[in-house]
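Student: Hi, could we go through this structure together, slowly? I would like to start with the overall picture and then look at some details.

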Protein chains: 2
Amino acid sequence: MTPIYFKFESLIQEKQERIINAAIKEFVKSGYDKASTNEIVKEAGISKGSLFHYFNNKKDLYLYLLDHTLKVIENNIYTDINFKETDIFNRIGQIGRTKLQVMTTYPQIFDFLKSAAADDSPEVKPEFVEKQKQVLAQGFEKIYKNIDWSKFREGIDIEKSVNIINWTMLGYAEKEKEKLISYSEAGVGQLEEWDRYAEILKSCFYKIEGE
Amino acid sequence: MTPIYFKFESLIQEKQERIINAAIKEFVKSGYDKASTNEIVKEAGISKGSLFHYFNNKKDLYLYLLDHTLKVIENNIYTDINFKETDIFNRIGQIGRTKLQVMTTYPQIFDFLKSAAADDSPEVKPEFVEKQKQVLAQGFEKIYKNIDWSKFREGIDIEKSVNIINWTMLGYAEKEKEKLISYSEAGVGQLEEWDRYAEILKSCFYKIEGE
DNA sequence: CAGTTATTGACTAGTCTGGTCAATATATTA
DNA sequence: TAATATATTGACCAGACTAGTCAATAACTG
(Lines give C-alpha, C1' and ligand atoms only; values in the text may rest on other atoms or scores of the structure.)
Protein backbone atom coordinates (compact mmCIF):
# COMPACT_ATOMS: atom_id res chain seq x y z
CA MET A 1 0.00 0.00 0.00
CA THR A 2 1.74 3.16 -1.13
CA PRO A 3 1.00 5.96 1.30
CA ILE A 4 -1.19 8.86 0.24
CA TYR A 5 1.63 11.38 0.12
CA PHE A 6 4.04 9.05 -1.64
CA LYS A 7 4.61 11.38 -4.57
CA PHE A 8 5.42 14.36 -2.38
CA GLU A 9 7.69 12.42 -0.10
CA SER A 10 9.72 11.14 -3.07
CA LEU A 11 10.83 14.69 -3.81
CA ILE A 12 14.28 15.78 -2.77
CA GLN A 13 14.18 17.20 0.71
CA GLU A 14 15.11 20.73 -0.23
CA LYS A 15 12.07 20.97 -2.49
CA GLN A 16 9.83 19.48 0.16
CA GLU A 17 10.98 22.06 2.65
CA ARG A 18 10.41 24.88 0.17
CA ILE A 19 6.85 23.74 -0.42
CA ILE A 20 6.13 23.10 3.25
CA ASN A 21 7.43 26.48 4.30
CA ALA A 22 5.59 28.29 1.53
CA ALA A 23 2.34 26.55 2.42
CA ILE A 24 2.75 27.09 6.16
CA LYS A 25 3.51 30.74 5.58
CA GLU A 26 0.36 31.24 3.52
CA PHE A 27 -1.89 29.30 5.89
CA VAL A 28 -0.55 31.25 8.85
CA LYS A 29 -1.06 34.52 7.04
CA SER A 30 -4.55 33.90 5.72
CA GLY A 31 -6.13 31.00 7.53
CA TYR A 32 -7.37 27.87 5.79
CA ASP A 33 -10.25 29.31 3.79
CA LYS A 34 -8.54 32.38 2.41
CA ALA A 35 -5.12 30.85 1.88
CA SER A 36 -4.32 30.92 -1.83
CA THR A 37 -2.80 27.93 -3.57
CA ASN A 38 -1.60 30.33 -6.28
CA GLU A 39 0.37 32.21 -3.64
CA ILE A 40 1.83 28.96 -2.34
CA VAL A 41 3.08 27.74 -5.69
CA LYS A 42 4.52 31.16 -6.47
CA GLU A 43 6.41 31.27 -3.19
CA ALA A 44 7.56 27.66 -3.50
CA GLY A 45 8.66 28.12 -7.10
CA ILE A 46 6.67 25.22 -8.52
CA SER A 47 3.77 25.04 -10.95
CA LYS A 48 0.15 24.85 -10.03
CA GLY A 49 -0.18 21.44 -11.58
CA SER A 50 2.65 20.04 -9.50
CA LEU A 51 1.08 21.06 -6.23
CA PHE A 52 -2.12 19.22 -7.13
CA HIS A 53 -0.07 16.33 -8.37
CA TYR A 54 1.62 15.92 -4.98
CA PHE A 55 -1.51 16.56 -2.95
CA ASN A 56 -4.95 15.99 -4.44
CA ASN A 57 -6.46 19.17 -3.12
CA LYS A 58 -6.09 22.02 -0.69
CA LYS A 59 -7.57 20.13 2.22
CA ASP A 60 -5.18 17.20 1.83
CA LEU A 61 -2.27 19.62 1.71
CA TYR A 62 -3.44 21.21 4.95
CA LEU A 63 -3.92 17.90 6.69
CA TYR A 64 -0.50 16.77 5.53
CA LEU A 65 1.05 19.87 7.05
CA LEU A 66 -0.76 19.17 10.28
CA ASP A 67 0.49 15.60 10.42
CA HIS A 68 3.96 16.59 9.37
CA THR A 69 4.12 19.37 11.94
CA LEU A 70 3.02 17.15 14.78
CA LYS A 71 5.41 14.45 13.69
CA VAL A 72 8.34 16.87 13.59
CA ILE A 73 7.53 18.01 17.09
CA GLU A 74 7.05 14.48 18.29
CA ASN A 75 10.31 13.30 16.71
CA ASN A 76 12.42 16.24 17.75
CA ILE A 77 11.11 17.93 20.85
CA TYR A 78 9.67 15.03 22.75
CA THR A 79 12.08 12.26 21.89
CA ASP A 80 15.03 14.55 22.54
CA ILE A 81 14.05 15.05 26.13
CA ASN A 82 16.67 13.71 28.47
CA PHE A 83 14.77 12.07 31.29
CA LYS A 84 17.88 11.81 33.42
CA GLU A 85 17.85 15.58 33.65
CA THR A 86 15.74 16.25 36.73
CA ASP A 87 16.30 19.99 37.03
CA ILE A 88 13.36 21.88 35.57
CA PHE A 89 15.45 24.84 34.42
CA ASN A 90 17.80 22.62 32.47
CA ARG A 91 14.88 20.63 31.13
CA ILE A 92 13.08 23.70 29.87
CA GLY A 93 16.28 25.21 28.58
CA GLN A 94 17.00 22.08 26.59
CA ILE A 95 13.49 21.98 25.12
CA GLY A 96 13.76 25.64 24.19
CA ARG A 97 17.02 25.07 22.37
CA THR A 98 15.57 22.13 20.47
CA LYS A 99 12.59 24.28 19.49
CA LEU A 100 14.81 27.02 18.09
CA GLN A 101 16.77 24.36 16.26
CA VAL A 102 13.63 23.04 14.59
CA MET A 103 12.70 26.59 13.65
CA THR A 104 15.81 26.96 11.53
CA THR A 105 14.34 24.36 9.20
CA TYR A 106 10.65 25.28 9.53
CA PRO A 107 10.54 28.87 10.74
CA GLN A 108 6.81 29.14 11.25
CA ILE A 109 6.03 25.65 12.42
CA PHE A 110 4.81 26.66 15.87
CA ASP A 111 2.94 29.64 14.51
CA PHE A 112 1.20 27.21 12.19
CA LEU A 113 0.00 25.07 15.07
CA LYS A 114 -1.22 28.13 16.90
CA SER A 115 -3.06 29.45 13.87
CA ALA A 116 -4.50 26.00 13.16
CA ALA A 117 -5.87 25.95 16.68
CA ALA A 118 -7.48 29.34 16.12
CA ASP A 119 -8.81 28.47 12.67
CA ASP A 120 -12.42 27.48 12.65
CA SER A 121 -13.09 26.74 9.05
CA PRO A 122 -15.63 23.89 9.15
CA GLU A 123 -13.58 22.18 6.45
CA VAL A 124 -10.69 21.36 8.75
CA LYS A 125 -11.78 22.15 12.31
CA PRO A 126 -12.88 18.62 13.26
CA GLU A 127 -9.71 17.02 11.91
CA PHE A 128 -7.56 19.38 13.91
CA VAL A 129 -9.35 18.82 17.18
CA GLU A 130 -8.85 15.09 16.72
CA LYS A 131 -5.14 15.24 15.99
CA GLN A 132 -4.43 17.77 18.68
CA LYS A 133 -5.42 15.50 21.53
CA GLN A 134 -3.28 12.66 20.33
CA VAL A 135 0.08 14.41 20.61
CA LEU A 136 -0.19 17.37 22.93
CA ALA A 137 -1.76 15.55 25.83
CA GLN A 138 0.96 12.91 26.11
CA GLY A 139 3.65 15.43 25.26
CA PHE A 140 2.59 17.70 28.06
CA GLU A 141 3.34 15.17 30.73
CA LYS A 142 6.63 14.19 29.14
CA ILE A 143 7.86 17.74 29.64
CA TYR A 144 7.57 17.39 33.39
CA LYS A 145 8.47 13.73 33.70
CA ASN A 146 11.09 12.89 36.33
CA ILE A 147 11.45 16.49 37.46
CA ASP A 148 12.83 16.80 40.97
CA TRP A 149 10.26 18.97 42.69
CA SER A 150 11.99 18.65 46.04
CA LYS A 151 14.45 21.33 45.00
CA PHE A 152 11.75 23.92 45.49
CA ARG A 153 11.63 25.76 48.77
CA GLU A 154 9.09 24.73 51.37
CA GLY A 155 5.84 26.64 51.17
CA ILE A 156 6.36 28.03 47.70
CA ASP A 157 3.52 27.77 45.19
CA ILE A 158 5.06 25.34 42.72
CA GLU A 159 2.34 25.68 40.10
CA LYS A 160 2.74 29.43 39.93
CA SER A 161 6.50 29.10 39.96
CA VAL A 162 6.39 26.77 36.98
CA ASN A 163 4.12 29.21 35.19
CA ILE A 164 6.65 31.97 35.76
CA ILE A 165 9.45 29.78 34.46
CA ASN A 166 7.48 28.90 31.35
CA TRP A 167 6.37 32.44 30.61
CA THR A 168 9.94 33.61 31.04
CA MET A 169 11.19 31.02 28.60
CA LEU A 170 8.39 31.87 26.17
CA GLY A 171 9.11 35.58 26.34
CA TYR A 172 12.84 35.13 26.06
CA ALA A 173 12.61 32.64 23.21
CA GLU A 174 10.28 35.00 21.33
CA LYS A 175 12.88 37.73 21.62
CA GLU A 176 15.59 35.40 20.32
CA LYS A 177 13.38 34.24 17.48
CA GLU A 178 13.03 37.81 16.23
CA LYS A 179 16.80 38.03 16.06
CA LEU A 180 16.87 34.71 14.22
CA ILE A 181 14.51 36.11 11.59
CA SER A 182 15.73 39.66 11.12
CA TYR A 183 19.43 38.95 10.99
CA SER A 184 20.30 35.29 10.96
CA GLU A 185 22.75 36.06 13.69
CA ALA A 186 25.53 33.69 14.57
CA GLY A 187 25.30 32.33 18.08
CA VAL A 188 21.57 32.69 18.07
CA GLY A 189 19.73 29.48 18.66
CA GLN A 190 21.88 28.86 21.67
CA LEU A 191 19.66 30.74 24.10
CA GLU A 192 22.83 31.67 25.88
CA GLU A 193 21.19 34.09 28.25
CA TRP A 194 18.68 31.54 29.46
CA ASP A 195 21.13 30.37 32.09
CA ARG A 196 21.23 33.88 33.52
CA TYR A 197 17.45 34.00 33.75
CA ALA A 198 17.47 30.54 35.27
CA GLU A 199 19.94 31.61 37.93
CA ILE A 200 17.80 34.54 38.93
CA LEU A 201 14.71 32.38 39.26
CA LYS A 202 16.53 29.53 40.97
CA SER A 203 17.67 31.83 43.73
CA CYS A 204 14.03 32.66 44.19
CA PHE A 205 12.37 29.26 43.95
CA TYR A 206 14.96 26.78 45.17
CA LYS A 207 16.10 25.94 48.64
CA ILE A 208 19.31 27.58 49.79
CA GLU A 209 22.33 25.63 48.59
CA GLY A 210 23.29 22.93 51.13
CA GLU A 211 20.02 22.35 53.02
CA MET B 1 -14.45 72.12 9.61
CA THR B 2 -16.34 68.94 10.27
CA PRO B 3 -13.97 66.05 10.84
CA ILE B 4 -13.68 63.29 8.29
CA TYR B 5 -15.42 60.69 10.40
CA PHE B 6 -18.22 63.02 11.52
CA LYS B 7 -21.00 60.80 10.22
CA PHE B 8 -19.71 57.71 11.98
CA GLU B 9 -19.07 59.49 15.23
CA SER B 10 -22.63 60.84 15.30
CA LEU B 11 -23.96 57.30 15.62
CA ILE B 12 -25.07 56.08 19.01
CA GLN B 13 -22.16 54.51 20.78
CA GLU B 14 -23.54 51.00 20.87
CA LYS B 15 -23.70 50.94 17.09
CA GLN B 16 -20.21 52.38 16.78
CA GLU B 17 -18.86 49.65 19.02
CA ARG B 18 -20.62 46.95 17.03
CA ILE B 19 -19.07 48.23 13.81
CA ILE B 20 -15.63 48.74 15.32
CA ASN B 21 -15.57 45.28 16.82
CA ALA B 22 -16.84 43.64 13.65
CA ALA B 23 -14.23 45.42 11.56
CA ILE B 24 -11.38 44.72 13.99
CA LYS B 25 -12.38 41.06 14.12
CA GLU B 26 -12.29 40.75 10.34
CA PHE B 27 -9.03 42.65 9.92
CA VAL B 28 -7.39 40.54 12.61
CA LYS B 29 -8.67 37.36 11.01
CA SER B 30 -7.75 38.13 7.42
CA GLY B 31 -5.31 41.02 7.28
CA TYR B 32 -5.98 44.24 5.43
CA ASP B 33 -6.02 42.96 1.87
CA LYS B 34 -8.18 39.90 2.36
CA ALA B 35 -10.55 41.37 4.92
CA SER B 36 -14.06 41.42 3.46
CA THR B 37 -16.29 44.42 3.88
CA ASN B 38 -19.24 42.11 3.24
CA GLU B 39 -18.22 40.09 6.26
CA ILE B 40 -17.91 43.24 8.36
CA VAL B 41 -21.38 44.56 7.56
CA LYS B 42 -22.90 41.14 8.15
CA GLU B 43 -21.25 40.82 11.53
CA ALA B 44 -22.08 44.40 12.49
CA GLY B 45 -25.68 44.08 11.34
CA ILE B 46 -25.68 47.08 9.03
CA SER B 47 -26.04 47.45 5.27
CA LYS B 48 -23.22 47.69 2.81
CA GLY B 49 -24.26 51.19 1.83
CA SER B 50 -24.10 52.42 5.41
CA LEU B 51 -20.52 51.32 5.90
CA PHE B 52 -19.42 53.27 2.86
CA HIS B 53 -21.57 56.16 3.98
CA TYR B 54 -19.71 56.37 7.30
CA PHE B 55 -16.29 55.73 5.83
CA ASN B 56 -15.54 56.46 2.19
CA ASN B 57 -13.67 53.28 1.54
CA LYS B 58 -11.92 50.31 3.09
CA LYS B 59 -8.67 52.13 3.60
CA ASP B 60 -10.28 55.00 5.49
CA LEU B 61 -12.06 52.51 7.69
CA TYR B 62 -8.78 50.82 8.49
CA LEU B 63 -7.01 54.06 9.24
CA TYR B 64 -9.88 55.14 11.44
CA LEU B 65 -9.56 51.93 13.43
CA LEU B 66 -5.85 52.54 13.80
CA ASP B 67 -6.40 56.06 15.10
CA HIS B 68 -9.24 55.01 17.32
CA THR B 69 -7.27 52.12 18.77
CA LEU B 70 -4.27 54.25 19.57
CA LYS B 71 -6.50 56.95 21.04
CA VAL B 72 -8.28 54.46 23.27
CA ILE B 73 -4.97 53.17 24.56
CA GLU B 74 -3.63 56.67 25.02
CA ASN B 75 -6.78 57.84 26.83
CA ASN B 76 -7.18 54.80 29.02
CA ILE B 77 -3.93 53.02 29.65
CA TYR B 78 -1.48 55.87 29.69
CA THR B 79 -3.54 58.61 31.31
CA ASP B 80 -4.74 56.23 33.98
CA ILE B 81 -1.25 55.60 35.22
CA ASN B 82 -0.82 56.76 38.78
CA PHE B 83 2.60 58.32 38.89
CA LYS B 84 2.55 58.43 42.69
CA GLU B 85 2.70 54.65 42.61
CA THR B 86 6.40 53.90 42.63
CA ASP B 87 6.25 50.13 43.10
CA ILE B 88 6.72 48.37 39.78
CA PHE B 89 4.51 45.42 40.68
CA ASN B 90 1.62 47.67 41.58
CA ARG B 91 2.25 49.80 38.51
CA ILE B 92 2.20 46.82 36.17
CA GLY B 93 -0.75 45.29 38.00
CA GLN B 94 -2.72 48.48 37.57
CA ILE B 95 -1.87 48.74 33.88
CA GLY B 96 -2.87 45.12 33.38
CA ARG B 97 -6.22 45.68 35.04
CA THR B 98 -6.88 48.73 32.88
CA LYS B 99 -6.03 46.71 29.80
CA LEU B 100 -8.48 43.97 30.68
CA GLN B 101 -11.05 46.65 31.36
CA VAL B 102 -10.59 48.11 27.89
CA MET B 103 -10.91 44.64 26.43
CA THR B 104 -14.42 44.25 27.77
CA THR B 105 -15.44 47.01 25.35
CA TYR B 106 -13.09 46.18 22.47
CA PRO B 107 -12.10 42.53 22.91
CA GLN B 108 -9.55 42.35 20.12
CA ILE B 109 -8.08 45.81 20.31
CA PHE B 110 -4.57 44.68 21.22
CA ASP B 111 -4.68 41.80 18.77
CA PHE B 112 -5.56 44.38 16.13
CA LEU B 113 -2.46 46.42 16.87
CA LYS B 114 -0.33 43.32 16.77
CA SER B 115 -1.80 42.19 13.47
CA ALA B 116 -1.51 45.70 12.05
CA ALA B 117 2.17 45.64 12.92
CA ALA B 118 2.56 42.33 11.12
CA ASP B 119 0.49 43.38 8.11
CA ASP B 120 2.54 44.48 5.17
CA SER B 121 -0.03 45.39 2.60
CA PRO B 122 1.54 48.30 0.71
CA GLU B 123 -1.82 50.06 0.94
CA VAL B 124 -1.54 50.71 4.66
CA LYS B 125 1.98 49.80 5.73
CA PRO B 126 3.48 53.31 5.54
CA GLU B 127 0.61 54.89 7.48
CA PHE B 128 0.97 52.38 10.26
CA VAL B 129 4.69 52.84 10.67
CA GLU B 130 4.10 56.57 11.00
CA LYS B 131 1.39 56.35 13.64
CA GLN B 132 3.16 53.67 15.61
CA LYS B 133 6.09 55.85 16.54
CA GLN B 134 3.93 58.67 17.77
CA VAL B 135 2.23 56.82 20.61
CA LEU B 136 4.22 53.76 21.57
CA ALA B 137 7.54 55.50 22.03
CA GLN B 138 6.29 58.03 24.54
CA GLY B 139 3.99 55.49 26.18
CA PHE B 140 6.85 53.14 26.81
CA GLU B 141 8.67 55.52 29.07
CA LYS B 142 5.49 56.50 30.92
CA ILE B 143 5.12 52.91 32.05
CA TYR B 144 8.36 53.11 33.99
CA LYS B 145 8.18 56.74 35.07
CA ASN B 146 8.82 57.38 38.76
CA ILE B 147 9.47 53.74 39.53
CA ASP B 148 11.52 53.24 42.67
CA TRP B 149 14.37 51.04 41.48
CA SER B 150 16.11 51.17 44.82
CA LYS B 151 13.78 48.49 46.12
CA PHE B 152 15.69 45.95 44.09
CA ARG B 153 18.38 43.94 45.79
CA GLU B 154 22.00 44.92 45.28
CA GLY B 155 23.69 43.10 42.42
CA ILE B 156 20.51 41.85 40.79
CA ASP B 157 20.12 42.29 37.03
CA ILE B 158 17.27 44.80 36.97
CA GLU B 159 16.68 44.65 33.23
CA LYS B 160 16.24 40.89 33.29
CA SER B 161 14.09 41.12 36.38
CA VAL B 162 11.78 43.60 34.67
CA ASN B 163 11.57 41.30 31.69
CA ILE B 164 10.51 38.46 33.95
CA ILE B 165 7.89 40.64 35.59
CA ASN B 166 6.50 41.70 32.23
CA TRP B 167 6.46 38.22 30.75
CA THR B 168 4.72 36.95 33.84
CA MET B 169 2.06 39.64 33.57
CA LEU B 170 1.66 38.95 29.86
CA GLY B 171 1.31 35.23 30.38
CA TYR B 172 -1.06 35.58 33.30
CA ALA B 173 -3.20 38.22 31.56
CA GLU B 174 -3.44 35.99 28.50
CA LYS B 175 -4.78 33.19 30.67
CA GLU B 176 -7.33 35.50 32.23
CA LYS B 177 -8.39 36.85 28.84
CA GLU B 178 -9.26 33.36 27.69
CA LYS B 179 -11.59 33.05 30.64
CA LEU B 180 -13.05 36.45 29.78
CA ILE B 181 -13.87 35.22 26.29
CA SER B 182 -15.04 31.67 26.85
CA TYR B 183 -17.29 32.30 29.83
CA SER B 184 -17.74 35.96 30.67
CA GLU B 185 -16.93 35.02 34.20
CA ALA B 186 -17.76 37.33 37.08
CA GLY B 187 -14.72 38.49 38.98
CA VAL B 188 -12.57 38.20 35.93
CA GLY B 189 -10.91 41.41 34.93
CA GLN B 190 -9.68 41.84 38.45
CA LEU B 191 -6.47 39.90 37.95
CA GLU B 192 -6.87 38.81 41.53
CA GLU B 193 -4.05 36.33 41.42
CA TRP B 194 -1.57 38.89 40.15
CA ASP B 195 -0.77 39.87 43.74
CA ARG B 196 0.23 36.31 44.49
CA TYR B 197 2.58 36.25 41.53
CA ALA B 198 3.90 39.65 42.56
CA GLU B 199 4.62 38.41 46.07
CA ILE B 200 6.61 35.48 44.77
CA LEU B 201 8.70 37.70 42.54
CA LYS B 202 9.11 40.42 45.14
CA SER B 203 10.65 37.98 47.56
CA CYS B 204 13.11 37.23 44.81
CA PHE B 205 13.94 40.67 43.46
CA TYR B 206 13.49 43.03 46.39
CA LYS B 207 15.70 43.66 49.37
CA ILE B 208 14.73 41.91 52.55
CA GLU B 209 12.05 43.83 54.41
CA GLY B 210 13.64 46.34 56.82
CA GLU B 211 16.99 47.20 55.24
C1' DC C 1 -45.67 70.00 5.23
C1' DA C 2 -41.00 70.21 2.48
C1' DG C 3 -36.28 69.34 2.79
C1' DT C 4 -32.45 67.06 4.48
C1' DT C 5 -30.05 63.06 5.90
C1' DA C 6 -29.66 57.93 6.98
C1' DT C 7 -30.20 53.48 5.41
C1' DT C 8 -30.94 49.90 2.36
C1' DG C 9 -29.55 46.02 -0.83
C1' DA C 10 -29.55 44.82 -5.71
C1' DC C 11 -26.12 45.56 -8.89
C1' DT C 12 -21.59 46.01 -11.42
C1' DA C 13 -17.11 45.18 -13.51
C1' DG C 14 -13.52 42.89 -12.44
C1' DT C 15 -10.28 39.94 -9.65
C1' DC C 16 -9.14 35.75 -7.79
C1' DT C 17 -10.49 31.04 -6.52
C1' DG C 18 -9.43 25.71 -6.44
C1' DG C 19 -8.84 22.53 -9.61
C1' DT C 20 -8.25 20.42 -14.56
C1' DC C 21 -5.90 18.67 -18.45
C1' DA C 22 -3.55 18.35 -22.79
C1' DA C 23 1.04 19.15 -23.88
C1' DT C 24 5.86 18.75 -22.82
C1' DA C 25 9.95 17.21 -20.43
C1' DT C 26 12.37 13.88 -17.92
C1' DA C 27 13.38 9.13 -16.04
C1' DT C 28 13.10 4.36 -16.39
C1' DT C 29 13.14 0.16 -18.55
C1' DA C 30 13.97 -3.26 -22.39
C1' DT D 1 18.10 2.82 -29.22
C1' DA D 2 12.83 2.98 -28.77
C1' DA D 3 8.99 2.52 -25.76
C1' DT D 4 6.80 3.30 -21.73
C1' DA D 5 5.91 5.68 -17.55
C1' DT D 6 6.13 9.44 -14.62
C1' DA D 7 6.91 14.51 -13.43
C1' DT D 8 6.03 19.08 -14.51
C1' DT D 9 4.04 22.81 -16.73
C1' DG D 10 0.76 26.82 -17.24
C1' DA D 11 -3.22 28.26 -19.97
C1' DC D 12 -7.74 27.68 -18.92
C1' DC D 13 -12.43 27.27 -16.59
C1' DA D 14 -16.79 28.17 -14.17
C1' DG D 15 -18.01 30.11 -10.36
C1' DA D 16 -17.36 32.70 -5.95
C1' DC D 17 -16.37 36.83 -4.08
C1' DT D 18 -14.53 41.64 -4.28
C1' DA D 19 -14.86 46.98 -3.13
C1' DG D 20 -17.70 50.25 -4.18
C1' DT D 21 -22.20 52.56 -6.41
C1' DC D 22 -26.67 54.39 -6.63
C1' DA D 23 -31.57 54.87 -7.09
C1' DA D 24 -35.08 54.03 -3.98
C1' DT D 25 -36.98 54.22 0.61
C1' DA D 26 -37.22 55.52 5.40
C1' DA D 27 -36.49 58.53 9.18
C1' DC D 28 -35.64 62.70 11.02
C1' DT D 29 -35.76 67.99 11.29
C1' DG D 30 -37.44 72.58 11.28
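Student: How many helices and how many strands are there in chain A?

Tutor: Bearing in mind that what we are looking at is a predicted model, chain A has 10 helices and zero strands. If you read along the sequence, the pattern is therefore written with helices alone, as α-α-α-α-α-α-α-α-α-α.

Student: And what box do the C-alpha atoms of chain A fill?

Tutor: Taken along the principal axes, the C-alpha atoms of chain A fill a box of roughly 65 × 35 × 30 Å. Chain A has 211 residues, and buried residues make up 45% of them.

Student: OK, and what about its surface, how much area does chain A expose?

Tutor: Chain A exposes about 11300 Å², and carbon and sulfur atoms supply 51% of that area. As for charge, chain A carries 30 positive and 34 negative charges, and the mean positions of these two sets are 3 Å apart.

Student: Back to the inside, then. Which residues have the most contacts inside the largest nonpolar core?

Tutor: That core has 92 residues, and the ones with the most contacts inside it are A:Phe27, A:Trp194, A:Phe205, B:Trp194 and B:Phe205. Its largest share, 11 residues, comes from helix α5 of chain A, which covers residues 58–78. Apart from this core lies another one, of 41 residues, which includes B:Ile40, B:Ile46, B:Val72 and B:Phe112.

Student: Why would residues like that sit together?

Tutor: In soluble globular proteins, nonpolar side chains tend to be buried together.

Student: You mentioned B:Trp194. What is B:Trp194 in contact with, leaving aside its neighbours within four places in sequence?

Tutor: With those neighbours left aside, B:Trp194 is in contact with B:Phe89, B:Ile92, B:Gly93, B:Ile165, B:Thr168, B:Met169 and B:Tyr172.

Student: Changing topic: how many residues does the contact take from chain B and from chain A?

Tutor: The contact takes 23 residues from chain B and 23 residues from chain A. Between them, the two chains bury about 2000 Å², with 64% of it on carbon and sulfur atoms.

Student: Which residues in chain B lose the most area to chain A?

Tutor: Those are B:Lys34, B:Lys160 and B:Trp167, and together they account for 33% of what the chain B side buries.

Student: Now a backbone thing. What is unusual-looking to me is A:Leu191, so what is its phi?

Tutor: A:Leu191 has a positive phi of about 50 degrees, although it is not a glycine. A:Leu191 is found in the loop between α9 (158–182) and α10 (194–205) of chain A.

Student: Is A:Leu191 buried or exposed there?

Tutor: A:Leu191 counts as buried because its relative accessible area is 0%, and the cut-off for buried is under 20%. In chain B, B:Leu191 also has a positive phi, near 50 degrees, and lies in the loop between α9 (158–182) and α10 (194–205) of that chain. With a relative accessible area of 1%, B:Leu191 is buried as well.

Student: Last one: where is B:Val28, and what is its relative accessible area?

Tutor: B:Val28 is in helix α2 (residues 13–34) of chain B, and with a relative accessible area of 25% it is partly exposed. Leaving aside its neighbours within four places in sequence, B:Val28 is in contact with B:Gln108, B:Asp111, B:Phe112 and B:Ser115. The C-alpha atoms of B:Val28 and B:Lys114 are separated by 8.6 Å, although these residues are 86 residues apart along the chain.

Methods. Residues numbered from 1 in each chain as written. Chains lettered and ligands numbered in written order. Predicted model: local features only at pLDDT ≥ 70, side-chain atom pairs only at ≥ 80, totals over all residues. Heavy atoms only, no water. Helix = DSSP H or I, 4+ residues; strand = E, 2+ residues; numbered from the N terminus. Buried < 20%, exposed > 50% of the residue type's maximum accessible area, 1.4 Å probe, protein only. Areas by Shrake-Rupley, 256 points an atom, 1.4 Å probe, with all protein chains shown as cover. Lys, Arg positive; Asp, Glu negative; His and termini not counted. Charge placed at Lys NZ, Arg CZ, Asp CG, Glu CD. Core = buried A, V, L, I, M, F, W, Y, C linked by side-chain atoms within 4.5 Å. Contact = heavy atoms within 4.5 Å. Buried area = accessible area lost by both parts, 1.4 Å probe.
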